[in-house]
Amino acid sequence: VLFPMNVSFARDYWGNIAIDVNTGITGSARNFPNENDAISGSLMTCKKKHKGTSNCQTGITFSNACGAVAWSPVKRVGGGGWADSSQKGAEIMALTR
């Protein structure tokens, strides 16, 4: 017997990783009920780590997935990626961007 899942009961979980591309400092947030709260949470965490002024920006937003960012201290650029269920997959995506 098959019991299809009632989509109205499904819940999305949002995450975000913020990064300051000048320093490589990051902040992350996960398991938030919506995208905006996840972004706010990661930016707040990034700024707290700085203990002062920062250039924290949202790096990658993801829902029901794993996220990762990569940063180059030489070029001072970052990239982000996500994968459905694998941390390794998210890391590979971040490194290839």
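**Sheet, helix and disulfide in the predicted model**

W14 has F32 in β2 as its bridge partner. The model is predicted. The two strands concerned are β1, residues 14-20, and β2, residues 26-32. They run antiparallel and are joined by 5 bridges. Between them, the hairpin has 5 residues. Within this hairpin, G24 adopts a positive phi near 85°.

The hairpin strands belong to an open sheet of 3 strands. The strand order is β2-β1-β3, and the pairing is antiparallel. Strands β2 and β3 form the edges, each pairing on one side only. From one strand to the next, the twist averages 15°. Strand β3 covers residues 56-63.

Helix α1 spans residues 35-50. It lies across β1, β2 and β3. Relative to β1, the helix runs at about 35°. Its 16 residues reach 23 Å from the first C-alpha to the last. This is close to the 22 Å expected at 1.5 Å a residue. The N-terminal end of α1 is capped by N34. There, a side-chain oxygen of N34 lies 3.2 Å from the backbone nitrogen of N36. After the helix comes K51, with a positive phi near 55°.

The buried residues of α1 are A38, I39, G41, S42, C46 and H50. Their cover includes β1, β2 and β3. Two of these helix residues, C46 and H50, are described further below.

C46 takes part in a disulfide with C56, at an S to S distance of 2.1 Å. The structure holds 1 disulfide. A disulfide is a covalent bond between the sulfur atoms of two cysteines. The torsion about the S-S bond of C46 and C56 is about -80°, so the disulfide is left-handed. C46 sits in helix α1 and C56 in strand β3, so the pair ties together parts that are 10 residues apart in sequence. Both C46 and C56 are buried. C66, by contrast, is partly exposed, because its relative accessible area of 23% falls between the 20% and 50% cut-offs.

H50 is likewise found in helix α1. Its relative accessible area is 18%, so H50 counts as buried, the cut-off being under 20%. The side chain of H50 makes a polar contact of 2.8 Å with the side chain of D20. Leaving aside residues up to four places away in sequence, H50 touches D20, T23, I25 and C56. One of these contacts, C56, is the disulfide partner of C46. Another, D20, falls in strand β1, which covers residues 14-20.

Taken together, helix and sheet are linked in several ways. Helix α1 lies across the three strands β1, β2 and β3. These strands are also among the elements that cover its buried residues. The disulfide joins C46 of the helix to C56 of strand β3. The polar contact joins the side chains of H50 and D20.

Terms used. Residues are numbered from 1 along each chain as its sequence is written. This is a predicted model: local features need pLDDT of at least 70, side-chain atom pairs count only at pLDDT 80 or more; totals for chains, interfaces and linings use all residues. Side-chain values use heavy atoms; hydrogens and water are left out. A disulfide is a pair of cysteine sulfur atoms within 2.5 Å. Helices (H or I, at least four residues) and strands (E, at least two) are DSSP runs, numbered from the N terminus. Buried means under 20% relative accessible area, exposed over 50%, partly exposed in between (1.4 Å probe, protein chains only). Two strands pair if DSSP finds at least two bridges between them. A polar contact is a pair of N or O atoms within 3.5 Å; within protein, one must be able to donate a hydrogen and the other to accept it, and residues adjacent in sequence count only if both atoms are side-chain atoms. Contact means heavy atoms within 4.5 Å. Axes are lines fitted to C-alpha atoms, for helices over the stretch in contact, and angles run from 0 to 180 degrees between N-to-C directions. The expected span of a helix is 1.5 Å times one less than its number of residues.
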